[in-house]
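Visitor: I should like to take a close look at a single part of this protein. Please choose one helix, and then follow its surroundings into the rest of the fold.

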Amino acid sequence: FFQSGRSYLEPLDEHLPNMPSKAMAKRRVIRINDGNDSNHQQELVIASTQKYPMKFYNTAIPKNLEIFDAPVVLTVNPGKMTDTKAYLLDPIPKTLMFVRVRTNTWNLELVDKIVAHYSKKEIPIILTFMAYFVGQTPPGHEANYVFRKRTLNSYHAITTKSWGKIMARYKYNKWVYSCGKIEGEKGTTACRHCGNCLREYFAAMERLRRTE
């Protein structure tokens, strides 16, 4: 469980789940299942988080989004087995907060499809740029990544120059954002320098109120 606006999990220990207390959650937006999936044991997840007045869920499974009792972020992964059509939801679940696309320099065809679909639906799209261990980037893409410390650990992560080229594809699309204001060696992935989740949480809550 992640406190949106902070750059680390709290508390950090080996005994999962890391669930903030009700007092700790006061006046904070709680991100449910950071690094996991809220659609896994969905009923248990919803029941276990009732004490949080402000929260949003995360899932990479494009179904049952309307069952959630709070906004939910849909993540699209870049794997070869990704069923793109399954992620092009229509109609849009009223609980959908934004679509998160895990992005690299070789899956831009997938990103373009997601951006085109959800932009027409006026749903925000957040591009989250992936990082890799040695040997995980395909031939021809090595120059787009640099080995650097990213949050706590070091990976081959996208350069600011390559990040800028990708973002330029959507320069005039008001629905597309980067996870982090600037990515790469000139930027940071710290949540306190971003604010996307906080902005879109409250925007989603307003949409939900209008549909009540």
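Guide: Let us begin with helix α6, which covers residues 196–211 in this predicted model. At 1.5 Å a residue, its 16 residues should span 22 Å, and the end C-alpha atoms are 23 Å apart, which agrees. Within α6, the buried residues are Asn 196, Glu 200, Tyr 201, Ala 204, Met 205 and Leu 208. Viewed down the axis of α6, these buried residues fall within an arc of 150 degrees, so they line one face of the helix. The buried residues of α6 pack against four strands, namely β3 (55–59), β5 (96–103), β6 (125–129) and β10 (176–178).

Of these strands, β5 deserves attention next. Six of the eight residues of β5 are buried, which leaves the strand mostly covered. β5 runs parallel to β4, to which five bridges join it. It also runs parallel to β6, again with five bridges. Arg 100 can be followed in both directions: it is the bridge partner of Thr 75, and it stands opposite Ile 126 in β6.

The interior can now be described. The largest nonpolar core has 38 residues, and those that touch the most other members are Tyr 57, Val 99, Val 101, Ile 114, Tyr 118, Ile 125 and Leu 127. Two or more residues of this core are given by each of α2 (42–48), β4 (72–76), β5, α4 (108–120), β6 and α5 (160–168). The largest share, six residues, comes from α4. Apart from this core lies another, of ten residues, among them Met 97, Phe 98, Ile 126 and Met 205. Met 205 is also one of the buried residues of α6. As a general matter, nonpolar side chains in soluble globular proteins tend to be buried together.

Ile 125 shows how such packing looks around one residue. Not counting residues up to four places away in sequence, Ile 125 touches Val 99, Val 101, Ile 114, Val 115, Tyr 118, Ser 119, Trp 175, Val 176 and Tyr 177.

Several of the names in that list return in helix α4. This helix has 13 residues and reaches 18 Å from its first C-alpha to its last, close to the 18 Å expected at 1.5 Å a residue. Its buried residues are Leu 108, Leu 110, Val 111, Ile 114, Val 115, His 117, Tyr 118 and Ser 119. They pack against β4, α3 (84–87), β5, β6, α5 and β10.

Just after α4, Glu 122 takes a positive phi of about 60 degrees. Ile 123 then appears in the loop between α4 and β6. Ile 123 has a relative accessible area of 5%, and therefore counts as buried. Leaving aside neighbours within four places in sequence, Ile 123 is in contact with Ile 92, Leu 96, Phe 98, Val 99, Tyr 118 and Trp 175. Although Ile 123 and Met 97 are 26 residues apart along the chain, their C-alpha atoms are separated by 7.6 Å.

A word on confidence is needed at the end. The mean pLDDT of the protein is 88, and 91% of its residues reach 70 or more. Over residues 1–12, however, pLDDT stays under 50. Where pLDDT is low, the predicted coordinates should not be read in detail.

Notes:
Residues are numbered from 1 along each chain as its sequence is written. This is a predicted model: local features need pLDDT of at least 70, side-chain atom pairs count only at pLDDT 80 or more; totals for chains, interfaces and linings use all residues. Side-chain values use heavy atoms; hydrogens and water are left out. The expected span of a helix is 1.5 Å times one less than its number of residues. Buried means under 20% relative accessible area, exposed over 50%, partly exposed in between (1.4 Å probe, protein chains only). The arc is that of the directions from the helix axis to the C-beta atoms. Contact means heavy atoms within 4.5 Å. pLDDT is the predictor's confidence in each residue, from 0 to 100. A nonpolar core is a set of buried Ala, Val, Leu, Ile, Met, Phe, Trp, Tyr and Cys residues joined through side-chain atoms within 4.5 Å. Two strands pair if DSSP finds at least two bridges between them.
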